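This briefing covers charged side-chain pairs and one loop residue in a single protein chain. Please have the structure open while reading.

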Amino acid sequence: MSIYDDLRPIAAELFEEFKQGDVRYVPIVVTPGATPDRPASSAPGAPVPINATARPVETKYVNGTSIVVTDKQVTIPNDGKVKPDMSGFIDIDAVRHKVIEIMARPTAGDPIVWTVMVRR
């Protein structure tokens, strides 16, 4: 067992204690059984409530192309509820935002948290 295994439940507990507003992850569900004649369709799935923090994007991430100053930064604990995906969405206080970048923390191994950049 590593220190990261010990930190994962601590991070989840802290995010639950200091939860901000209503934050939900919306996965995209793809219809199985696609063929060349009948392509798969996708639609938003049921929103999953998550204990996360949302704030304006930190200036160190703003590059003017893929991440801009009006984006938001959401930190999600790896508590087993969700694993963010580039095709998903995050609802922040009932406003839908598209996931534009996902950064695992730490970058190697099983993350403790994900830093997710989103755009309205």
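The points below take the salt bridges first and then the loop residue.

The model is predicted. Across the whole structure, a search finds seven salt bridges. Three of the pairs are described here: R8 with D5, D110 with R8, and R55 with E58.

**The R8 and D5 pair**

- R8 and D5 form a salt bridge in which the closest N and O atoms are 3.1 Å apart.
- Both residues belong to helix α1, which spans residues 3–17.
- They are three residues apart, about one turn of the helix.
- R8 is buried because its relative accessible area, 11%, falls under the 20% cut-off.
- D5 has a relative accessible area of 31% and is partly exposed.

**The D110 and R8 pair**

- R8 also takes part in a salt bridge with D110, with the closest N and O atoms 3.7 Å apart.
- This pair links distant parts of the chain, as D110 and R8 are 102 residues apart.
- D110 sits in the loop between β8 (95–105) and β9 (113–119), whereas R8 is in helix α1.
- D110 is partly exposed, at a relative accessible area of 47%.

**The R55 and E58 pair, and the network**

- R55 and E58 meet through their side chains in a salt bridge, at 2.9 Å from N to O.
- R55 is partly exposed, with a relative accessible area of 39%.
- E58 is partly exposed as well, with a relative accessible area of 28%.
- D5, R8 and D110 are joined into one network by salt bridges that share partners.
- Within that network, R8 pairs with D5 and also with D110.

**V69 and its surroundings**

- V69 lies in the loop between β5 (53–56) and β6 (72–77).
- V69 counts as exposed because its relative accessibility, 60%, is over the 50% cut-off.
- With neighbours within four places in sequence left aside, V69 is in contact with V57 and V62.
- The C-alpha atoms of V69 and P56 are separated by 7.8 Å.
- Along the chain, V69 and P56 are 13 residues apart.

Definitions and conventions:
Residues numbered from 1 in each chain as written. Predicted model: local features only at pLDDT ≥ 70, side-chain atom pairs only at ≥ 80, totals over all residues. Heavy atoms only, no water. Salt bridge = Lys/Arg side-chain N within 4 Å of Asp/Glu carboxyl O. Helix = DSSP H or I, 4+ residues; strand = E, 2+ residues; numbered from the N terminus. Buried < 20%, exposed > 50% of the residue type's maximum accessible area, 1.4 Å probe, protein only. Contact = heavy atoms within 4.5 Å.
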